Structure formats: C-alpha cells, structure tokens
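Student: I would like a close look at one part of this model, namely the place where a helix of one chain meets a helix of the other. Please set that part in the context of the chains around it.

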Amino acid sequence: MSSRRIVWRKSLNYVMLTLTGIAAFAVVSVLFLILGYLIWNGGTSLNWNFFTQLPKPVGETGGGMANAIVGTMKLLFLAAVMGLPIGLFAGVYLAEFGGKTFSFVVRYTTDLLNGVPSIVIGIFASALFVLPVKHFSAFAGGVALGIMVIPITVRSTEEFLRAVPGNMREAAMALGASRWKTIATVVLPAASGGILTGMLLALARVAGETAPLLFTAFGNRFWSQGWGQPIASLPVMIYTYAVAPYDDWHRQAWAAGLVLLALVLVSNLGARFILARSKAV
Amino acid sequence: MSAAATTIAHEVPPQAGPRAFLHRLRRGDEIAHLITLTFAAAILLITSLLVYELWINSHLSRTHFGWAFFWTKVWDPNFDNFGAAPFIYGTLVTSVLALLLAVPLGLASAIFLSELAPRNVSDTISFLIDLLASVPSVIYGLLGIFIVVPLMRTTFGPLLIHTVGNLPYVGALFRGPNYGVGFLTAGIVLAIMVVPFIISVSREVLLTVPREQREAAMALGATRWESTWQVVVPWARTGIMGSVFLALARALGETMAVTMVIGNAAVINTSLLAPGDTIASTIANQFTEATGDLYLSALIELGLVLFLITFILNGLARILIVATERGGGRPA
Amino acid sequence: MKKALLVVWLMMVSMAFTAPRAAAQGGTINLNAAGATFPYPIYSKWFDVYHTAHPNLQINYQSIGSGGGIRQLQAGTVDFGASDVPVTDEQLAQFKVKVLHFPTVLGAVVPTYNIAGVSGELNFTQKALAGIYLGTITKWNDSEIAKANPGVNLPNTDIVVIHRSEGSGTSFIWTDFLAKVSDDWKNKVGKAAASVNWPVGLGGKGNEGVTGLVKQTPNAIGYIELIYAVQNNIPYGKVQNAAGKFVKADLAGVTAAAAADAKNIPDDFRVSITNAAGPTVYPIASFTWLLIPAQIQDAAKRDAIKDFLKWMLTDGQNYNEGLSYAQLPKAVVARETKAISLIQ
C-alpha cells in the first residue's frame, strides 16, 4: 500500500474519531446547559416547603408540590406495572419464539404505536377508562402512560436478547435445559443490562409527559387517595404554572422540572443498583 | 429432569404429533410460547383498538371531506373547512430535519462512548444523557423559546440567509423573513429531544458487538476508525436502525415543544425559516377548545392521517434497510 | 454510597404509598371542576380561601381549557365547569341536564407591541386593529395608525402579527371585538371563535407565549389578557371604544363595560360585552362564567356549590382586584344571587 494511502487513512482515522468526540461533547454540553438553566431558574424555589406542602394560590408563600411528587411516583409505578411486562414478554416472543410474518407485523405495529401523539393516547385511555365511570383516576393515567412505555421496552428487549451470542444458548441446551429455562436463566440475565436500559429510558420518557394525563389523571390540588381519584403530577403542574402570569409560579415550574429530573435519576440509580446486586449473587 | 452426567442431550428433536406436543407442553416451552404470544398479541389489540377509535370518531369528517382532506390547504374552524396539507408538510419537514440532525450527532456520540471513552466515563455520561429523555416537553419548549429562538432570529437565521440562501436551488430553503420561530427551530429542538434515544440504544448495541470482530479487523490492518465504521457499526446495524425508528416516532408525535417554537401558521412554505405547523401540535392545541362535531371529527381525522404517515415512513425506512443490506451484519 | 442510594430509593417508594391522608375521611365533600385558564389564578385563590373556611369541602379545579371544561361537564366527569366562552345553543342541546351560567369575574384583552423607539402608549382605532390582523395594514407608519398617534415616530417597518396558537377564550374575546367593528373581518374570518383561520401572523402558546414572542420580536403586536400586561410590566395601547374615545384598559373601565348594558343582559347571562356603549367603557372586555348544572342529585354537593356561589358573589369579589381581575357590577351580582335558587 502506498504511503500516501496510509497517510490518508491515518488522517481520516484521526479526524473522524475527533469528530465523534466533538459530537459527544456537544450533546453533553446541551445536557449541562439544560440542567444549569433549570437550577438557575428553579433552584431558589427548592426548599423544604416545596417537598412537603400542597400548592398554594398565587401571592401566598410556602406553597409546594408534595402531592405532585407523590403523584408522579404513583403514576410511574402504574405505568411500569402495566406496560413493562407487556413490553418484556412481547420482546421475548419476538426474539425467541416468533414466526416470520407475525413478528414482522408485531414489530411494525409497535413502531406505529410509538408514533401516536401522546394526546391521542390520552384521549383513547380517557374514552376507555374515564368516560364510562365518569370520573378521572390515577389508574386511567397509569394506563395511558403504560401504553407509551410498551414500544421502547419491546424494541430494546428484542434487540438485546438477540445480541446474546448463540453459543450461550447452545451451551444451556446442551446441558438439557428446555427452551424457556434457557431464556429465563441464561439469555435474559445476559441481556438484562440492555433491557433495563430500555425500560428505564421508556419510564424516563413518560415521566415527563403532560398531554396524556390531562384527561385521565386530571390533576389535583389536594392529596389523592388510592388509585381511583384524580391525582396531581409534576408535568401537569409545570404546564399549568409555566403559562401563568406570575413569576413565582414560573420559578416553581422550573423547580418542578429539576425535581422530576432528580426523581428519574434516583429511580435509575436504584434500579441499576438492585440489578447489579441480584446479578452479583 | 436433566442430569448433567448424561451424555445424550435430553432435547428431543421436534416431532409432529400429539406426543411431541405433550412433551413440549410438559417442559413448559409451549406455555412460554403461548404466554409471550399473548403479550405480543396484546400490543396488536391495543393498537387496533386505538385505530378503531380514531376511525369511528373521524367518521363525520371523512365522509364530509373525502380524499380532499389530504390536499386542502385551508384549516378554518369558523367556516368548517378543514384540510390537512399544511400539517402533513410541517410534520414531514420537522421530523426529517430532526433526524438529519440527530442521527449523525447521536451515532457519532454513541461511537465515541462505546469505542473511545473509558468505560466508567462512558457509563456516567450515558446515564446523564438518559436523563435528557425525561425532561418534560414543556421545558424543552420553554428552553427553545428562551435560547434557540433568539439565537435563530439574531444570529443563525441571518447567517444562513446570507450564505446558503444565495446558492441556487438549495437557497430556496433559507429565505426571509426570519422570526426566530419556524421549521428549522422546531427541527433543532426535536433533534435535541430524540438524540438521547439514539445514543442510549446505539451505545448499548455497539457494546454488544463481540470483541473478536474488532480484533479481526485490526489484525487485518484496519485503523481504529475503519474497524469501527466498516465492521462494528454494520454488525450493530439493526439495533441502530431500531433506535432511529424510536427517534422518528418520537419526532412525529411530539406536541408541546414543537408547538411553542414552530410559529403556528397553517401554511406551506419552502423556506425552513418560515413558520408552520405540525399535525400533533394542531391536535394538542385545538382539541380542548374544539366545539362542534365536525371540528372535533376533523381533529381526530388528523390523528388518523398521522397514523398513516407513520405507517408509510416506517415502511419506507424498512425498504431502505433491506435495499442496503450488503452483508456484514450480524446473522439474524 | 450505594447503601445510601438504596435507602433513598426505598424511602421514595414508601412515600408514594403512605402519603398522608386528607383530614376528616368521613364527611369530606370532593368537588371536581374543569375549564378556563384565564381565571385560574383567582379561582385557585377562591377555592383555597373557601377550603380554609370550610375544611370539609375540597374543590379541585384544573384549567384544561374552556372547551375541555364544557366537554367534561357534558360527559359528567366533573361537578361543574368554567368557560371564557358562553356555551352555544348547539352545545347546550347536547347536555343531558340544563346548564346555568354564572359570571364570576371580568377580564380585558389588550394590544401589546414592541416597536423600537416607541415607549409610550399607542392609540389604536378600531379599523387599525382590524386591518392589522386582517393583513391589510402592513406597516407601522400606515396612516390609520399614524393619524391616531400624532407626534409619535412610527417606523416604516413591517408589522409582525402575533396571535394565539391554540384555541382560547382570549382569542374568542378578541375576535368577537373584531367581528363587531369590521365587516371585512366578519366576512373573511367569521364570527367570534376560540380558534380561527388567522389571515396573517405567528402563533404563541398561551398568554405567556404571546407575551414572550412580542417581547422578543421587533415590530411585533399581540393581544393578551390585562393581567399579564400588568404582572409583566409591558406597554399596552389604548383602544378606541364605540363612543370614539381612546381608553386604556383598567379595572374600572372593564366594570363600566359590564355595567353599561346591565339591564339588557339576558337571564341566562350569556352575553358579549365587547364594544359596549359609553365614554369610559373599555371595548375589549368579557365575563367569564362558571357552568353549573341546574339539577344536582347529591344534596351535600348541591348545597356546597350554592353556598360557594353566594360567597363568591359577596366576599369572593374582594379578592379580584388584588389579582388584576375586575369586580362584577352590583346589578349583575343581584341578578345572579337570584339565579342561584334555580339550582335544584
């Protein structure tokens, strides 16, 4: 090979790798910009009251978003319980059992579901779970969010199950394990890191959704009992406060955004920690 | 059930007939197959129900406007004249823009994080980027208004108009007047919103590429970049394409952030700096205040149209994948 | 470190399930209401003050939009609704139970602008506003604007028109006014509506979005609720009323608009008070209403709502001005108090 060619290849190597570094740097800078903005604008509103008090009307100090914080956690819990199993098992089906055409149809449909605007999903969940019983509920909100969790979970589960090398499966089968046992004890654990990433990504995405909650979970200025009543949530509070005329409410909206991020962060950390512990056993 | 000591594998080759079925059933495989099949079918059920609801509730509008709904450029709630053309245009333009910006950026970042960065740095950064996915779209919208829009109006827009705007053909994409809000701004905000999906999933997939592949390439004398671009990335191609599908879907269905920075003018304009509107943004904006059955029905029909667009775009993307299949991918 | 994280995580999870129960499980009356965004600040104030005085009553109001409020009331998912837009006859027909309108506060919509070199108040004639929003008047130094503002140096620049991107009661009031003062507008764009096919301009989301866009965009004009202009300290212009006078929006002018025609307000209170007659009247003003079903089965809820309405019409009105809303004129209050008895 001519030395010119080698020089070209080497410089291309250097340039492209630097570009990837620049790209990663750009994305991370955007993240820090957003975080910085939130902290700058909302940081002053973060006090003990914010986490423990109910919302107060404008002009009164000491109001907080305690019910919205708890509400978001409850809604995410519902979304996880309803949507993650469907996503997980459907992903297992696509990766392990599926026939060619049926799998194609399911995959295609999952992508379609992912593209439905969140407000349409909210209207759908409302038509099924709110209108017939004539009241809003945390449950309906959980359903709406649960539907949105499914596509990302399916995609990542399938993708990472497929990525498990064939020889691991063959080894398990050679030891006499049945199909499902192989999947449950060998393949899934091997893919668990990627699958968990997908699940957490899906939950993170729905944590910030407003539109699907407007007609299902509705919102609540007070504490919400159980699962069958309207419930407050951070995204809806942010939406309500951000378009109001008062500076104090704007700051609270930014603070709520910060708390939401922190919530997702802690949940992520917690989930990964638990996974690491269970694998280490 | 299976003794590790036996040398003959317990696995019986699948045979037709009730005895084999019973055998598989007892071993739990059939049940596992059925259970997972049920869940997969549940997705089909949910989506079908959704489409059914959309179809039923848009009946009034469909029968009233027929196919003309697709190319009518007017959206007039007062005179009950509804057409989806400007919104179809806006949706396509913003989504394509978002992907054009996000895919190279996201893929490059994912490559960096999986190939070049030390593992714990990569883990931490990736973890933080995942956080971007949870920022509510309202906040993205506000950030767009406070940061991107002024930048576009004062610096970026004029720059584009004076440089690229003067080129033939391409220049038509960058004409004034420039308000700061518009297709390009919406595309940029969308790109930021979908890039975490691409990075997160692509990075994980790239990490699963077996080391042997990289090593083989290096052994053949490839530079780091060549090994990455020509061996590793193609191996992970389906996963990366999957992340792009996720990004596309999010871009098509995004409402809040887009509506705050796109300018909301129901017009078709070749300039990317002009204001426009998208389907999702229109539905979200007008649904709560829509009075009148035809109005509501037209909004639902817009939802149906978006579904159709998603359907077609997904199909096109899949055809593209198949067409560019040149081998080098992971055996399916 | 990891242990601490686990503890935090578990704490959060347990918080979610052991959230403090509201005081007095038994005997608490929970009312859900939905609707207009414009009066949200004053409503949240009222409901909170009333709750403090009556701890057994919780009124949960969410501002999902006037149309949303009407539809949720039709569906029966809320106990009462709120709307900046009077319910139309077709919508009324769709209700299973008759719905009563109760005006609560008055609001005004003002034109705000951002013109380099112009810091004072501009006078806008009725034709000027209509022309600007129709797109027939395109430059700031157009004669229609200039003749009402002698001595002001208006630049020869294009007007950037800003309207609302989403359907809203504010748009309803604005288009109501334009339809009344301009036949061109009425023919081209139509009657008052929360959402119209705007001939020109960009859309901003919410009053906040319009304010933001106007502030940022040179040579822009937009319409916003008075409360936003006051709270954000932005300049807004005077509007010519039916008597030909240029009036700057303030709470007195708005109350005057309502009082001007108080005798002629129909019994169901569905009335438009834009462009009312009178020299001190501010012409772009409107009521906002609570929508109460005429028949409420639950006796406890019915009495709670009726008591609240009585309070709202008397003590409640004292909170209006503090939040830049105008009080209802006495004549209207008197008629509403009588109308409360219609709730069975």
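Tutor: What follows begins with the helix pair and then turns to the two chains that supply it.

The model is a predicted one, and in it helix α10 of chain A, residues 234-242, meets helix α6 of chain B, residues 137-162, with axes that come within 9 Å and cross at roughly 35°. On the side of α10(A) the contact is made by A:Pro235, A:Ile238, A:Tyr239 and A:Ala242, while α6(B) brings B:Val138, B:Ile139 and B:Leu142 to it. Sorted by class, the residues of this contact are 7 nonpolar, with no polar and no charged ones.

Chain B, to which α6 belongs, has 13 helices and 2 strands, and its C-alpha atoms fill a box of roughly 80 × 55 × 35 Å along the principal axes. Of the 332 residues in chain B, 51% are buried, and among the contacts in this chain with a separation of 6 or more, 75% join residues that are 24 or more positions apart.

Chain A, which supplies α10, is assigned two domains, domain 1 covering 3-45 and domain 2 covering 48-280, and their centres, taken over C-alpha atoms, are 29 Å apart. Where these domains of chain A touch, domain 1 contributes 6 residues and domain 2 contributes 7 residues. The side of domain 1 of chain A that faces this contact with domain 2 has 2 nonpolar and 4 polar residues, and no charged residues.

Key:
Residues are numbered from 1 along each chain as its sequence is written. Chains are lettered from A and ligands numbered from 1 in the order in which they are written. This is a predicted model: local features need pLDDT of at least 70, side-chain atom pairs count only at pLDDT 80 or more; totals for chains, interfaces and linings use all residues. Helices (H or I, at least four residues) and strands (E, at least two) are DSSP runs, numbered from the N terminus. A residue is buried if 20 or more other C-beta atoms lie within 10 Å of its own, exposed if 12 or fewer, and partly exposed in between; C-beta atoms are placed from the backbone. Two residues are in contact if their C-beta atoms, placed from the backbone, lie within 7 Å. Domain bounds come from an automatic or database domain assignment. Ala, Val, Leu, Ile, Met, Phe, Trp, Tyr, Cys and Pro count as nonpolar, Asp, Glu, Lys and Arg as charged, and the others, Gly among them, as polar. Axes are lines fitted to C-alpha atoms, for helices over the stretch in contact, and angles run from 0 to 180 degrees between N-to-C directions.
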